[in-house]
Amino acid sequence: MPALESLMERMIRRSFPELAHEAIYIHYDALDNDFMRYEKLHSGHVIKVDESLKRAPASVKKGGIAHELAHIAHERLMDEKVSDMDRQAYRRSKRYRTLDERNTDLEVILRGYGKQLLEFMRYVKAKGYAYDIDHGLALKEVRLLISRRPARHMIAIPARWR
Ligand SMILES: [Zn+2]
């Protein structure tokens, strides 16, 4: 089994068990303006990983793959009609896209891949990719969400309660 495939299989077993019997393919491809994306097939899904990630550390690849798996896991909960509406709204509305991507990143964190997501984000940023807010959570937000200590400025306690 190619490395990319076994990496994904392990992740599915560990954190996306509901996808264990879904047909999900993964391979490298030359993507323009994207590091990773997924596409719906007639039956199943394919995750395309840009060739520039071939030499990236496994943790970076995991961060990106977890994001795509979270999309697929979410889509799996929709029937055909809802999923079709979801895709149309995603294409047409920037706000919908932003919300969808942010929820997807939250799902990645809840499934235990926040650290890898952060590494993926740092990696693509270092490659000059403009990571703006509609791609999902901001780097700083992911960092705060996965840190053990709650950031003090996130919990603003009114003076009269202290
Ligand atoms: Zn996404």
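Helices, in the sense used here, are DSSP runs of H or I covering at least four residues, numbered from the N terminus. Under that assignment His71 lies in helix α2, within a model that is predicted. The description below begins with the overall arrangement, turns to α2 and its surroundings, and ends with individual positions elsewhere in the chain.

The protein contains six helices and three strands, and these follow one another along the sequence in the pattern α-β-β-β-α-α-α-α-α. Of the 162 residues in the protein, 26% are buried. When contacts between residues at least 6 apart in sequence are considered, 57% of them join residues at least 24 apart.

Helix α2 spans residues 58-76 and thus comprises 19 residues. From the first C-alpha of α2 to its last the reach is 26 Å, which is close to the 27 Å expected at 1.5 Å a residue. The buried residues of α2 are Val60, Lys61, Lys62, Gly63, Gly64, Ile65, Ala66, His67, Glu68, Leu69, Ala70 and His71. These buried residues pack against helical elements, namely α1 (3-15), α4 (94-110) and α5 (114-126), and also against the strands β2 (36-40) and β3 (45-50).

Among these partners, α4 can be described in further detail. Two packed helices are described by the angle between their axes and the distance between the axes. The axes of α2 and α4 come within 9 Å and cross at roughly 105°, and α2 is therefore roughly perpendicular to α4. On the α2 side the contact is made by Ala66, His67, Ala70, His71 and His74, while α4 contributes Thr104, Asp105, Glu107 and Val108. Sorted by character, the residues of the contact of α2 with α4 comprise three nonpolar, four polar and two charged.

His71, one of the α2 residues in this contact, is buried because 20 other C-beta atoms lie within 10 Å, a count that meets the cut-off of 20 or more used for burial. With residues up to four places away in sequence set aside, His71 touches Tyr38 and Thr104. His71 and Asp100 are separated by 29 residues in sequence, and the distance between their C-alpha atoms is 8.7 Å.

In soluble globular proteins, nonpolar side chains tend to be buried together. In the present model the largest nonpolar core has 27 residues, and those with the most contacts inside it are Met11, Ala66, Leu69 and Leu117. The elements giving two or more residues to this core are α1, β1 (24-29), β3, α2 and α5, and the most is given by α5, with six residues. Leu117, named above for its contacts inside the core, touches Gly63, Ala66, His67, Asp105, Val108, Ile109 and Val142 when residues up to four places away in sequence are not counted.

Ala56 is located in the loop between β3 and α2. Ala56 counts as buried because it has 20 C-beta neighbours inside 10 Å. Apart from neighbours within four places in sequence, Ala56 is in contact with Lys61 and Tyr123. Ala56 and Tyr123 are 67 residues apart in sequence, yet 8.2 Å apart in space from C-alpha to C-alpha.

Helix α3 offers a further case for the description of burial. This helix covers residues 80-92, 13 residues in number, and reaches 18 Å from its first C-alpha to its last, close to the 18 Å expected at 1.5 Å a residue. Helix α3 is hardly covered, the count of buried residues among its 13 residues being zero.

Two further positions, one in a loop and one in a helix, complete the description. Asn33 is placed in the loop between β1 and β2, and its phi is near 65°, a positive value in a residue other than glycine. Asn33 is exposed because 8 other C-beta atoms lie within 10 Å, while the cut-off for exposure is 12 or fewer. Asn33 and Ala130 are 97 residues apart in sequence, with 9.9 Å between them in space, C-alpha to C-alpha. Glu9, in contrast, has its place in helix α1 and counts as partly exposed because it has 14 C-beta neighbours inside 10 Å. The C-alpha atoms of Glu9 and Ala20 are separated by 8.0 Å, the two residues being 11 apart along the chain.

Key:
Residues are numbered from 1 along each chain as its sequence is written. This is a predicted model: local features need pLDDT of at least 70, side-chain atom pairs count only at pLDDT 80 or more; totals for chains, interfaces and linings use all residues. The expected span of a helix is 1.5 Å times one less than its number of residues. Two residues are in contact if their C-beta atoms, placed from the backbone, lie within 7 Å. Axes are lines fitted to C-alpha atoms, for helices over the stretch in contact, and angles run from 0 to 180 degrees between N-to-C directions. Angles under 35 degrees count as roughly parallel, over 145 as roughly antiparallel, 65 to 115 as roughly perpendicular and the rest as oblique. Ala, Val, Leu, Ile, Met, Phe, Trp, Tyr, Cys and Pro count as nonpolar, Asp, Glu, Lys and Arg as charged, and the others, Gly among them, as polar. A nonpolar core is a set of buried Ala, Val, Leu, Ile, Met, Phe, Trp, Tyr and Cys residues joined through C-beta atoms within 7 Å.
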